[in-house]
Amino acid sequence: MDLERIEELLRTRPPGERTYDRQLPDLQINSRPVKATIRARSGVPVGWAAAVLAFGLVCVLGATMYGPWHQRETAASATPAASATPAASATPAASPSMSGNNGVLLATVTPKVVASFGSDDLKGLVLGPDGAAYVLDDTTHTIYRISLETPVPGAKVPVLVAGQASVDGQGVIGNPRLLTTGGGDVLVLDDANALWRWHPAAGDNTGRGTLLKVNIPDNATWGDGVRAIGTLLVNAAMNLYNFFIVVPSQRQVLKYPPAADGSGYPTAGRQILLSVTRDLSNVTDMHIDAGHVFLADRGKITRYTLGLADAWTPPGETALGSSPEYTRLTSDNPAMDLGTFYAYDSLNRRIVAFAKTNGALLGQYRAASGTGLFSALTGMFVIPGSAAPTLYWTEGGSLRSAALLSPAQTPLASSATVPGRFSATGSMTTARSIATSTLLEDGRVLITGGAADNSAELYNPATGTFSATGSMTASRIGHTATRLSDGRVLIAGGTNTPAAELYDPRTGRFSTTGSMSCPRYYTTATLLNDGRVLIVGGATAMPDNSFAELYDPATGKFSTTGPLPTAFDTPSVTLLQDGRVLVAGGYGNPDDPGGLYLSLAELFDPATGKFSATGSMAIGRVMHTGTLLQDGRVLMAGGGPAPTTSAELYDPATGKFSATGSMAMGRDLQTATLLADGQVLIAGGHAPYASASAELYDPATGQFHPTGGMAAPRVQHAATLLADDRVLITGGQDQSASAELYDPASTVPTEAMATAGPAFSQYIVKPGDTKATIALAFGIEVPDLIDANPQIQDPSHLEVGWVLNIPPPGWHATPSPSP
């Protein structure tokens, strides 16, 4: 058996995989239902005898080939504690598993700015041997020392700068590239592959110290692109430590033992650590402890023992609820197999805590919604504390910190209130459905169409009342209303008409403008950055409605553009931050490759007037929503043909869609409104009947969570974000004249929620859950669980990501009176 085969066997986790094709209508893949022939996964245990045999063989080979690694090195590493005797780490203990499913341990951190820099190009961060933070600023080619001690935390002093000479006259340091620490030193690798040792002055808190060049004779062989450096302390009294470096040009991690007198690192002692060479050009971090090397590479963390990748793995998609992409790694304890790892998941913008010994999940931490933090972390370390560990990290031109308080386990979370409340406001003058609601420049809201007549009205948030305004030139249902750059509102299409008109808020009157090339019903209209309006989709009288149209306010005329590759009827259309327009889903031509229910997506470029293909959604969606998030991604939620709970995210940077958390219930024809804090309010829609429920999507966590419910079920209603951050909900099915306001700053008791009962808590369904295991975990009966959650009445229907209401033990639904 060759070494590569042994490495592959050790990398394989006990639950393996096999594939098969089968029609499974209720199968969940990445938290979304799939109703098609799919390739599914099923667990197949690996033969443990083979694994044990392979491991034994690895140990024999490793001991023979890599003698220095079979002798245990000292347990101390080069990641120094904040003091000589740090307090024990307040690592959160993992909560007991619930039927084999640990749930998602989640907490939100409260960040503080420790120090700010004039540059946002901070490339490195380490905790120095003197308990201070050292930050590498790549713009100024300077390394700063930042005090973490009271009474003046955050005081920063430049200690090293490119061109600075060593105290022994051995040269000047180049542009610093990488940082690490070793014993009592801060080590710097410059752009010429020269290694430098900064030794802080004993007992000094002002940034004084000495700079020396470290002698490594063969450093010229490392070539360009060194990815990471690290150390492992071997003699604290003499300040001796091994030096490790990731060298992609040699496809190796190299280890340099120190000279006995500490003068440098002789080439003769150099060792290679990987038994099988590999591509290391994408390594983003390295951690060393006695006996193990951990590499963060291509989003994964691999542990190497005796030169081989072993079976240790950090938390993955099953434990976390979404697939991680780890790029940074640190620990609160340098000893082998002791303490906690903290890894930065750049894809999901979170810090994940897990046990060194077995990779078991201990917690995950996210920044508060709307802060934008944890999106571009460039360095990190953790200091233990008696109450909680403290995370320090560099991001956005600042050194920041946050206490990592013990996260509560999501399945057991319970709250007397949930954020967000709906309340009644004045009623419209006319009942309306499939109407439009448009925020005007003065803060009022224009309501048009959706009724049997051509009336329109205005909502005044200051008084909470509606009042009539001028009438449209034609009666319209299923039309569009778009506020133009000059404050006027373009009304286009609707039932059986290609006509368009303009509303002028200054006069309160409508006037005709140019007409579209054909009637469009349930179409979309998007204001472009250049002031024109893009019209896409909608049921038309034309045999081919794959052409879009552009309205030019300067001329008052429409012109065709496109075409799209197929008819896009009722798609979601979203203006991206770069000015392009994303068109996704909707009804297509059943004779075209995309089929009737489109998963296709296209990008419209206003500069060329052309559409081009981009990534496709995981499933076909019609009557769904597409919402631009503050970070530039687009949330796709719900839709038909049967109302789905699934949602996904489009990333313009990659042109791809990816799965995200699922809604509590299936919805189509719902509204989705981006709130000021970055969350998205999902309200009403078919579920499969008109629903009064609402929920919030948090981009920071990628999850939906409960919010207050509306006073009445609504579908085909309208939602508009007001200037004061509240949301106006108007009309809906059965041509309701009622309206209500959603206030995200208010809270509502759980017992007041439309679908919840007294003292209900909420639980997010995880992979592997069944109604029986959930009921058992919370000490309730399955029938009571079903009574509290009508959406799971179907015996086989339980979707990952659903938010379930958990009644208290002994609760029973009040029976309906007999007829």
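R350 is a buried residue, and D345 is buried too. In this predicted model, the side chains of R350 and D345 meet in a salt bridge, with 2.7 Å from N to O. Side chains of opposite charge can pair when their charged atoms come close. A search of the whole structure turns up 25 salt bridges, and the table shows a few of them.

| Salt bridge | N to O distance |
|---|---|
| R278 and D297 | 2.0 Å |
| R350 and D345 | 2.7 Å |
| D504 and R506 | 3.1 Å |

Let us take R278 and D297 next. Both R278 and D297 are buried, and their side chains form a salt bridge of 2.0 Å, N to O. R278 sits in the loop between β18 and β19 (283-289), while D297 belongs to strand β20 (residues 292-297), so this pair ties together parts that are 19 residues apart in sequence. There is a wider picture here as well: R278, D279, D297 and R298 are linked in a network of salt bridges.

Are the two partners D504 and R506 buried or exposed? D504 has a relative accessibility of 15% and therefore counts as buried. R506 has 73%, so R506 counts as exposed. Their side chains meet at 3.1 Å, N to O.

**Nonpolar cores**

Now to the nonpolar residues. The largest nonpolar core has 18 residues, and those with the most contacts inside it are I351, F374, M380, L391 and W393. Which elements give two or more residues to this core? They are β5 (105-109), β24 (340-345), β25 (350-355), β26 (361-367), β27 (379-383) and β28 (390-395). The largest share, 3 residues, comes from β26. Apart from this core lies another, of 17 residues, including L195, V214, L233 and Y265.

W393 is a good residue to look at in the viewer. Leaving aside residues up to four places away in sequence, W393 touches P111, L125, L373, F374, L377, G379, M380, S398, L399, R400, S401 and A402. Two of these neighbours, F374 and M380, are listed with W393 among the core residues with the most contacts.

**Two open sheets**

One open sheet is built from 4 strands in the order β15-β16-β17-β18, with antiparallel pairing. Its edge strands are β15 (228-235) and β18 (271-272), each of which pairs on one side only. Inside the sheet, strand β16 (residues 240-247) is joined to strand β17 (residues 252-256) by 5 bridges, and the two run antiparallel. To find one of the bridge pairs, start at I245: its partner in β17 is L254.

Another open sheet also has 4 strands, in the order β36-β37-β38-β39, and its pairing is antiparallel. Here β36 (480-483) and β39 (509-513) are the edge strands, each pairing on one side only. From one strand to the next, the twist averages 25°. How many bridges join β36 to strand β37 (residues 489-492)? There are 4 of them, and these strands run antiparallel. Within this pairing, A481 stands opposite I491 in β37.

**A helix and the glycine after it**

Finally, have a look at helix α5 (residues 771-778). Which residues of helix α5 are buried? They are K771, T773, I774, A775 and F778. Just after α5 comes G779, which takes a positive phi of about 70°.

Definitions and conventions: Residues numbered from 1 in each chain as written. Predicted model: local features only at pLDDT ≥ 70, side-chain atom pairs only at ≥ 80, totals over all residues. Heavy atoms only, no water. Pairing = 2+ DSSP bridges. Buried < 20%, exposed > 50% of the residue type's maximum accessible area, 1.4 Å probe, protein only. Salt bridge = Lys/Arg side-chain N within 4 Å of Asp/Glu carboxyl O. Core = buried A, V, L, I, M, F, W, Y, C linked by side-chain atoms within 4.5 Å. Contact = heavy atoms within 4.5 Å. Axes fitted to C-alpha atoms, helices over the stretch in contact; angles between N-to-C directions.
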